[in-house]
Amino acid sequence: MQLLRHITSINDLTVDEIEGIFSLAQSFLRRIGDKKTPYRIARSLNDLPGSILAGLFYEPSTRTRLSFESAILRLGGKAIGSADPRTSSASKGESLADTVRVTSSYADILVVRHPRDGAAKLAARYAPVPVINGGDGSHEHPTQTLCDLFTLKRKKKSLQDLNVAVSGDLKASRTIHSFVYALARFNANIVLKPAPGMELPEDVAWRLESEFGRKRVQDNRTRETWYVPSDRLPRRQSIDAVYVTRFQSERWPNEAREYPIVNAEFLRKKEFKTTAVMHPLPRVNELDLAFDSDKRAAYFEQAAYGVPIRMAILSALLSHRGNKKLKRFPGGFADGAAAIYDAHPASGLTCVNANCIVRDAVDGPYAQAKFLLAVCKPPRLRCFYCETDIVTFWIADPGTRTVFSNDHTPCGWSGPQNRELRFYASAERAAQSGFPRRTIADGTGPPARRRAPRHS
Ligand code: NCD
């Protein structure tokens, strides 16, 4: 299997590619020896002799960093990088973009972990070598999801039609965001059990419904939200897996919140009889340690699969020879509307997410506001980096020199790929740039253009 790709989101991979990674991981597990069986020293292989992985970790990490290092070493390659960001030039004020450009010539592949949402996509923009997102802010953690799905698949044989509950801090947990996208794409039923005030971000929920075709069903009795395929009703008899996350204290300004604890008592009900209990770890106190000896506990196995899964990822990304340019798979768009727009500073349009990399004092100037027209009807602009959506903005058409509020779809008359469109934060900003405001009486869209749109 060969992938010429950055992996910044789980949606950078197709379902078939994910299955391909699982088959590869399975074969690596066989070749190195499954550590789950009685203790033995795993074998090292020589599939990627001399390949170098650089770990750029701007946030603490144990599993992700060490399992990537273990994976490259087991494949016959080498790992460089520091576990402590204070020892890198970031502490002298160096930007992520510069660090990435430099380290790309020291290593064949980069793993980036960063506190800002969208940092991995920024790194990917500047890196000529593949970038793997090792967790960026509360955005995503795609390789953790591959470990999670692989564990689930090994336990339950298939992911189709499984009931998977996710519990805890659904808002700030990046592992949850990648995981629910993948569950939806693999046709599992998702049950949300958020801690109070820590519900799934609106944009993630919107994508589950609009891009991945899930129907949202609210259970008023249990206060759960289910996401199921639109032709299906929740099947409540059993929960196949519960995925627990810790309170992401580093991403919340005010600590001390009410938080669900998963323990034998929580799992006493009949519906949890054969549930696999999963956790990306580290746990704090949301998962009772007395539960570790229960045969439903799957979290240490999940962490152990970090090595074969990451061996599979590295081998897929590094098996190329020759001079090739990396591609990015623009996955997950509802209607194929994925035109990319650079926002001119005069447009006043910046990402609305305060933790986005574009809002960083050092990295922001390297990022520049950049949006995808994620959906046409009604138009929705998605930050290229952190994937937060903007739904209120103004659209200017240089062809007719007019500006319209975004309840008029731009797609009908100019096509989703028309990069001539400009987007403004307000009608005033657009007027300052020479686009007079017009009122559309019949609500069908702007008048016919004089010039034919240029498609790219
Ligand atoms: C997670 C992370 O960093 O997002 N850890 C991991 O990589 N296994 C989960 C967490 O920190 O809660």
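**Why do we say that? A chat about a predicted model**

Student: This is a predicted model, right? What surrounds the ligand?

Tutor: Yes, the model is predicted. Around the ligand you'll find Arg-63, Thr-64, Arg-113, His-141, Gln-144, Arg-174, Thr-175, Arg-246, Gln-248, Pro-280, Leu-281 and Pro-282. Sorted by class, that shell holds 3 nonpolar, 5 polar and 4 charged residues.

Student: What makes the pair between Arg-174 and the ligand a polar contact?

Tutor: A polar side-chain atom of Arg-174 sits 2.7 Å from an oxygen atom of the ligand. The cut-off is a pair of N or O atoms within 3.5 Å, so this pair qualifies. Arg-246 has a polar side-chain atom 2.8 Å from a ligand oxygen, and for Gln-248 an N or O atom of the side chain is 3.0 Å from one.

Student: How much of the ligand does the protein cover?

Tutor: On its own, the ligand has 320 Å² of accessible area, and the protein covers 94% of that. Helix H2 (63–74) and helix H6 (174–185) are the elements that give two or more residues to the shell.

Student: Why is the ligand said to lie between domain 1 and domain 2?

Tutor: Because both of them give residues to its shell: domain 1 (10–138 + 305–318) and domain 2 (143–297).

Student: Let's move on to Arg-116. Why does Arg-116 count as buried?

Tutor: Its relative accessibility is 16%. Buried means under 20%, so Arg-116 makes the cut. You'll find Arg-116 in the loop between S3 and H4.

Student: How do you know that Arg-116 makes a polar contact with Asp-360?

Tutor: The two side chains are 3.1 Å apart at that contact, and the limit is 3.5 Å, so the distance fits. Leaving aside neighbours within four places in sequence, Arg-116 also touches other residues, including Asp-136, Gly-137, Ala-354 and Cys-356.

Student: Why is helix H4 called mostly covered?

Tutor: H4 runs over residues 119–126, and 7 of its 8 residues are buried. Those are Ala-119, Ala-120, Lys-121, Leu-122, Ala-123, Ala-124 and Tyr-126.

Student: What do the buried residues of H4 pack against?

Tutor: Their partners are helix H3 (96–103), strand S3 (109–114), strand S4 (131–136) and helix H10 (364–367).

Student: And which residues are buried in helix H7?

Tutor: In H7 (residues 202–210), they are Asp-203, Val-204, Ala-205, Arg-207 and Leu-208. These pack against several elements, among them H6, strand S6 (189–194) and strand S7 (214–219).

Terms used:
Residues numbered from 1 in each chain as written. Predicted model: local features only at pLDDT ≥ 70, side-chain atom pairs only at ≥ 80, totals over all residues. Heavy atoms only, no water. Buried < 20%, exposed > 50% of the residue type's maximum accessible area, 1.4 Å probe, protein only. Helix = DSSP H or I, 4+ residues; strand = E, 2+ residues; numbered from the N terminus. Contact = heavy atoms within 4.5 Å. Near = heavy atom within 4 Å. Polar contact = N/O pair within 3.5 Å; in protein donor to acceptor, adjacent residues only side chain to side chain. Areas by Shrake-Rupley, 256 points an atom, 1.4 Å probe, with all protein chains shown as cover. Nonpolar A, V, L, I, M, F, W, Y, C, P; charged D, E, K, R; others polar. Domains from an automatic or database assignment.
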